[in-house]
Amino acid sequence: MKILKFGGTSVANAANIKQVISIAKNSSKQAPIAVVVSALGGVTDILLQAGFRAEEKDNSYLTAIDTLEKRHITTIKELIIDSHQEEVISEINNYFNQLASILEGIYLINEFSNKTKDKIASFGELLSSYIIAEAMKSQGVDAVRKNSQELIITDSNYTNAKVNYSLTEQNIEQFFTSNESSIVVLPGFVASTINGETSTLGRGGSDFTASLLAKILDVNELEIWTDVSGMFTANPKLVKQAKPIAHISYQEAMELSHFGAKVLFPPTIQPVLEKQIPIRIKNTFDPDSPGTLITQNTNGKSSPAKGISHIENIALLTLEGSGMIGIPGFTKRILEVLSNANINVSLVTQASSEHFLCMGIDSSNVTKAKQLFEDAFAYEMSQGIVEPLIVEDNLAIIALVGDNMKSHQGISGKMFSTLGSNNVNIRAIAQGASEKNITAVIEHKDIKKALNTLHNAFFEGNIKQLNLFVVGVGNVGGKLLEQIHQQQNFLVDDQHLDVRVIAVTNSKKMYFNHDGIDLDHWKDELINKGETLNMDAFLDKVKELNYRNSIFVDNTANAEISTRYADYLKSSIAVVTCNKIACSSEYEKYQNLKYLSKKYSAPFKFETNVGAGLPIIDTLKNLILSGDKVTKIQAVLSGSLNFIFNNFVGDASFYKIVKEAGAQGYTEPDPRIDLSGVDVMRKILILARESVNILELEDIENDSFLPQASVNANSVDDFLSTLEPQSAHFNAIRDAAEEQGCRLKYVAEYDNGKAKVGLQHIPSDHPFYNLDGSDNIVLFFTERYSEQPLIIKGAGAGADVTASGLFADIIRIGNK
């Protein structure tokens with residue numbers, strides 16, 4: 001069973017009611033339904049206004065009631081065209097005769113009590129429910145009307161009566177158990193006391209009627225039909241780009257409703273919350289629209305912020321003074337001044353020093369509140385320990401709402417920086433410990449600008465800003481900055497990514513520009529404005545800036561810098577690196593970095609650790625994630641060694657080729673890392689670990705081709721100086737391969753838990769034989785690729801391709 005509630009706009013006239021009947025008929029085909037209806041749009045207010053006029057002996061109340069009667073009769077004539085029409089009109093006349101008698105009594109005795117207000121206000125729902133039920137019957141619909149006053153029993157707290165759940169539950173269950181009609185139409189809002197007197201359920205009473213029925217009948221879903229397609233990310237009348245929210249939690253819905261979203265009145269849906277019955281907000285005038293589903297939670301799939309709402313006509317009252325500090329109960333005394341006068345407080349914020357308390361109230365209560373405070377604190381003000389009340393009017397409250405905001409850093413900062421950057425002045429801020437909403441008070445004139453600005457930032461796929469902190473601007477780092485500069489405009493236009501470089505370092509200096517470094521002049525600015533490099537200070541500065549989407553980019557081969565990745569990840573700063581040392585260090589450290597990345601939602605990208613810009617690690621990760629298992633890896637992973645041995649032919653000098661490789665940026669700054677095989681060992685180690693294997697660097701067998709003199713060299717210069725005297729050693733290695741018709745390749749292998757690297761003779765029929773220049777090649781043998789391996793081949797060294805690999809990792813983070 002379902003409960004459908006239709007609001008005043010949904011039943012405002014005959015055309016709308018026809019739509020309501022169509023919706024109800026379609027819904028009842030699936031299961032029996034109960035339809036709760038409000039009064040025709042605006043009727044309740046007119047009825048109460050008529051009562052107040054009668055109390056004041058203003059005869060215009062008669063005109064208002066006459067107009068209402070004609071409106072209802074016109075509606076009947078448009079809905080019911082058969083002989084049954086006269087009978088319905090006659091009943092409506094009876095209702096209005098009763099209404100006229102009550103109003104005449106108010107006129108005569110000059111009293112409009114709450115009890116009488118309930119009698120007057122109840123006519124709206126009693127009239128609409130009768131008309132709608134009879135219209136359904138005239139169309140042959142199996143419908144019956146049941147007066148909610150016969151079901152819902154309350155106390156005598158007129159205009160806001162409290163339900164007697166025991167009697168109400170008994171009445172509702174008894175009626176619906178015996179009911180055989182497909183559709184039951186009920187007036188919302190109205191009830192009766194245990195003595196049979198008319199009562200009402202207060203503001204949002206029709207929603208409460210529907211919610212109460214849903215709880216007692218334990219229905220599958222409560223549908224609330226209105227004039228919008230669900231709850232929106234913002235008020236669509238003020239924000240054209242506002243869009244319906246597909247799924248939202250009860251708490252988010254209530255927060256948005258409290259801050260001005262008129263679709264729901266939070267207290268009225270409490271009954272369904274107790275049983276966690278889903279609520280669906282639907283559009284009467286667009287019934288095929290999915291609307292908004294409201295449930296206990298959204299299964300963790302929701303975005304941090306769900307919507308923006310606002311309250312207009314707010315005034316801020318600020319009371320401050322030294323006499324407030326450290327005085328128990330002083331805040332309670334302040335708030336009781338307003339509470340005792342039935343003045344609702346929308347927002348409270350207090351300094352931790354207790355020196356002031358700021359409260360947001362409706363502007364209509366300002367004069368009254370000011371006088372109350374002056375009376376209540378007259379003594380303290382006369383003694384100068386409490387300052388005169390400060391009143392700021394013409395304000396509004398805006399609120400960013402979402403259950404998941406508490407688990408995301410930077411939401412408040414983004415909200416306030418977005419407002420600040422658009423010159424929206426914030427007068428006060430409040431955020432509860434639950435962090436389900438972030439509230440700010442702004443000037444009333446800024447409402448539309450503020451809502452549109454925040455909506456653009458949070459819900460419209462706004463330009464995402466990436467803030468880079470680049471360490472190392474040599475060969476690779478320089479090329480990276482060049483590529484970023486070249487693509488900046490394109491990325492904004494095509495990917496909605498604004499890539500800013502906030503800091504750069506070389507081996508001696510570091511330079512920060514909070515607004516982003518001009519990449520046309522980064523070299524000059526680093527030289528002329530940079531300060532002495534200090535990596536501790538660099539980290540502190542990055543954390544201090546606390547920019548959203550911060551990315552630490554390491555273009556070095558520095559071991560000390562790689563030890564700092566954990567500090568960045570712990571601060572939710574992403575790390576992108578071509579430095580292989582971290583991922584090839586102790587397995588425990590490697591695992592810790594991966595753990596920290598997940599824990600702090602800070603991406604850790606190191607695609608360029610293996611194969612420069614080739615998608616080797618990414619491909620391997622996808623194989624593993626898809627359930628494949630790597631059984632063997634064969635690879636040529638050193639672009640520098642491949643370049644060297646591809647050119648080491650004929651009478652070529654090994655020493656000169658190594659120097660050339662360095663000059664072209666193929667080797668590490670310290671070529672011993674490449675030629676000793678350590679670089680390749682690190683790469684195969686990383687691939688083995690990414691294949692979900694536990695391995696340490698010392699576990700890898702290294703068959704070195706270097707002579708002992710080169711191995712023993714203490715510096716880069718000493719190492720290079722050993723190569724030329726050892727030319728006979730290197731020539732012998734080359735000649736041995738050529739005699740067998742083979743080419744020299746430095747091969748890395750992982751097989752059955754063991755890894756090794758070394759120079760091999762590659763025959764002409766091998767996939768490695770025609771590997772030219774500085775290219776890399778990787779063969780992945782897996783359970784799926786068991787006979788024919790998955791092969792990745794391409795340029796595996798050089799500043800350009802390494803920089804492009806780093807750039808790709810940065811863009812991946814931006815597109816996440």
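This report walks through two sheets, the nonpolar cores, one helix and a few individual residues of a predicted model.

**The seven-stranded sheet**

Let's begin with the open sheet of 7 strands, which runs in the order β21-β20-β19-β18-β22-β23-β24 and has mixed pairing. Its edge strands are β21 (531-532) and β24 (604-605), and each of them pairs on one side only. Inside the sheet, β19 (residues 497-505) and β20 (residues 509-512) pair in the antiparallel sense over 3 bridges. If you want a spot to look at, Val504 has Tyr511 in β20 as its bridge partner.

Two helices that pack on this sheet are worth picking out. Helix α16 (residues 522-529) touches β19, β20 and β21, and its direction makes about 110 degrees with that of β20. Helix α29 (residues 799-814) touches β18 (464-471), β19, β22 (550-554), β23 (574-577) and β24; its direction makes about 160 degrees with that of β23.

Just past β22 comes Asn555, in the loop between β22 and α18 (559-562). Is Asn555 buried or exposed? Its relative accessible area is 10%, under the 20% cut-off, so it counts as buried. A polar atom of the Asn555 side chain lies 2.9 Å from the backbone oxygen of Gly472. Leaving aside residues up to four places away in sequence, Asn555 touches Val470, Val471, Gly472, Val476, Gly477, Leu480, Cys578 and Leu806.

**The six-stranded sheet**

Now for another open sheet, this one built from 6 strands in the order β26-β28-β27-β25-β29-β30, again with mixed pairing. Strands β26 and β30 (790-795) stand at its edges with a single partner strand each, so one side of each has no neighbour in the sheet. From one strand to the next, the twist averages 15 degrees.

Strands β25 (residues 630-636) and β29 (residues 775-782) pair in the antiparallel sense over 6 bridges. In that pairing, Lys632 has Phe781 of β29 as its bridge partner. Helix α22 (residues 639-647) packs on the sheet, touching β25, β27 (743-751), β28 (754-762) and β29, and its direction makes about 150 degrees with that of β27. Helix α28 (residues 727-739) packs there too, touching β27 and β28, with its direction at about 70 degrees to that of β28.

**The nonpolar cores**

Which residues touch the most other members of the largest nonpolar core? They are Phe538, Phe552, Phe654 and Phe705, in a core of 79 residues. Helix α25 gives this core its largest share, 7 residues. Phe552 is a good one to zoom in on: not counting residues up to four places away in sequence, it touches Phe469, Val471, Met535, Phe538, Ile561, Tyr565, Tyr568, Ile573, Ala574, Val575 and Val576. Apart from this core lies another, of 52 residues, with Phe123, Tyr130, Ile131 and Phe189 among them.

**Helix α1**

Over to helix α1 (residues 14-28). Its 15 residues should span 21 Å at 1.5 Å a residue, and its end C-alpha atoms are indeed 21 Å apart. At the start of α1, a side-chain oxygen of Asn13 comes to within 3.2 Å of the backbone nitrogen of Ala15.

The buried residues of α1 are Ala14, Asn16, Ile17, Val20, Ile21, Ile23, Ala24, Ser27 and Ser28. An α-helix has 3.6 residues a turn, so residues three or four places apart point the same way. What do the buried residues of α1 pack against? Their partners are β1 (2-6), β2 (33-37), α3 (60-79), α5 (114-138), β5 (183-187) and β8 (221-226).

**A few exposed residues**

Finally, here are some residues on the exposed side of the scale.

| Residue | Place | Relative accessibility |
|---|---|---|
| Asn342 | loop between α10 (330-339) and β13 (345-350) | 72% |
| Val692 | loop between α25 (678-690) and β26 (701-703) | 60% |
| Ser382 | helix α12 (residues 378-382) | 55% |

Most residues other than glycine have a negative phi. Asn342, though not a glycine, has a positive phi of about 60 degrees. Val692 also has a positive value, with phi near 70 degrees. As for Ser382, its side chain reaches the backbone oxygen of Tyr379 at 2.5 Å.

Conventions. Residues numbered from 1 in each chain as written. Predicted model: local features only at pLDDT ≥ 70, side-chain atom pairs only at ≥ 80, totals over all residues. Heavy atoms only, no water. Helix = DSSP H or I, 4+ residues; strand = E, 2+ residues; numbered from the N terminus. Buried < 20%, exposed > 50% of the residue type's maximum accessible area, 1.4 Å probe, protein only. Polar contact = N/O pair within 3.5 Å; in protein donor to acceptor, adjacent residues only side chain to side chain. Pairing = 2+ DSSP bridges. Contact = heavy atoms within 4.5 Å. Axes fitted to C-alpha atoms, helices over the stretch in contact; angles between N-to-C directions. Expected span 1.5 Å × (residues − 1). Core = buried A, V, L, I, M, F, W, Y, C linked by side-chain atoms within 4.5 Å.
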